[in-house]
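Student: Could we go through this one together, with the model open in front of us?

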Amino acid sequence: MEEAFREHLARLAPKDPLVLAVSGGGDSVALAHLVRRAGRRAVVAHLDHALRPESGEDLAFVKALAARLGFPFYGERVEVAKVAQARGENLEAVAREIRYAFLHRVAKGVRAKAILTAHTLDDQAETVLLKLLQGTARGLGIREKEGLVVRPLLAFRREELRGFLRELGEAWREDPSNQDLSLDRNYLRLRVFPLLLERFPKAREALSRFALVREEEDKYLEREARARLLPDTRFFVPAYRVVPLLGAPAVLRQRALRFLLEALDLRPEARLIALLQEALEGGVATLPGGYTARRKGGTLFLIPPKPSLPLPPGFRRPEPGDYLAMPYGRKRLVDFLAEKGVPKELKALWPVRAEGKEVVEVLGLHPPSEEERYMALALEEAKRAYQEGEVPVGAVLVVGERVHKAHNRVEATGDPTAHAEMLLLRELGQEARGGRLYVTLEPCRMCHHALREAGVEVVYGVENLKEGALTRYGQGEGLRGGVLEGECAKLLKGFFARLREGCRSG
């Protein structure tokens, strides 16, 4: 077992130092001994949750164990129950959050390369069965590795580790709460699994294999789901493009929405995922913590409560009568914000810099950004394509100080690959590397692949519902969208409306 553990640990966490999460229970005590006998460099970390009268004795036991093994010791005591009560949150969830925060602080302090926890094959089997019974769709099993956290004992049974400690003559602590049958995990461990193992002796191993298969599948699905999350960076609150999410298969869209909830520190419950789905389709969702989810145009906004929106230095909130001085006269600030796709919840909160009532800067939106200026040039190219009877797509490729422009010429050349993007790549060749392309329509898969191979970043105006690399095929690497979306969409709609009218007339 020692040899198997040594090889397993070398694969999962090849570099020292390590942080060992040791509670004093048999599994974590065995972990500490195995790491010591593997000759690895580590520190022992123990968090006293102050949930039991004897919890201080556990801390003293672990401290003494660390001294015997020659490992530095880091301990801390937190009254977790009081924290959970003050927050009005689940005790178990709060305890886990505080424990992992403590472990990560220790890891940062000692510059550790990994945090080792003592989850076993039994823990894996219990977790899989528990989540199946609870109907949890994501994260069915315990992962071997998540960020810094590594679980090198998932291949070992609990009784193996106890036998190892007995051979060493080593004691461990028993937590009386592990016998409390009111807790679901204890009920499975003490009542259900003994019956399962009588009939299916390899039940734990089978459930563990199932979890490993699901983990590999989850990695792929999560990567595909994250590709559908295209941040709309023009806004100072979390915002994402809607169409790539709506165009994704349901299984990917639901995973992507879970990621959005987790980014807000919210549990990805089914009811909250359903609320975000409603917001994607044009509704308004109120989420825990005061967040509002609302779609405006092609963007889904996740609006925090007002106290979470600090003002940058020199900016203030909008006031009645605020206006912008435009080349053609004054424009009311509220009208300007509406044109830019700002949802109503943010109009009164959007940071502005003003001289009296004249607004001289709207954070991120005015004066026009560099992206909008270049997209405006791409729109001029798209209008030339429109006049020539081409699908109106224009592109501008910026490399250093040089600006190169092109528009679709498929009909003029008889070349189906003569898209604006491809024409620019052919013109510049290797000189395009490191450039940024502004294009009025999301690139198709052909163009996206070529641009990615050329090392060109892409900013597009509106989604390509029919052939978009991201919207249709989920290939979103190097893409950002939504710049001058309304203007780009209007031009395309006008072209296809004229085309349909011409077909009817013919």
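Tutor: Sure, and keep in mind that this is a predicted model, where local features need pLDDT of at least 70, side-chain atom pairs count only at pLDDT 80 or more, and totals for chains, interfaces and linings use all residues. Residues are numbered from 1 along each chain as its sequence is written, and side-chain values use heavy atoms, with hydrogens and water left out.

Student: Which cysteine sulfur is closest to the sulfur of Cys444, and how far away is it?

Tutor: A disulfide here is a pair of cysteine sulfur atoms within 2.5 Å. The closest sulfur to that of Cys444 is too far away for a bond: it belongs to Cys447, at 3.7 Å.

Student: What about Cys488, how far is its sulfur from the closest cysteine sulfur?

Tutor: Its closest partner is again in Cys447. That is too far for a bond, because the gap is 16 Å.

Student: So how many disulfides does the count come to?

Tutor: A disulfide is a covalent bond between the sulfur atoms of two cysteines. With the 2.5 Å rule, the count comes to zero.

Student: Is Cys488 buried or exposed?

Tutor: Buried means under 20% relative accessible area, exposed over 50%, and partly exposed in between (1.4 Å probe, protein chains only). Cys444 has 13%, which makes it buried. Cys488 has a relative accessible area of 1%, so the word for Cys488 is buried.
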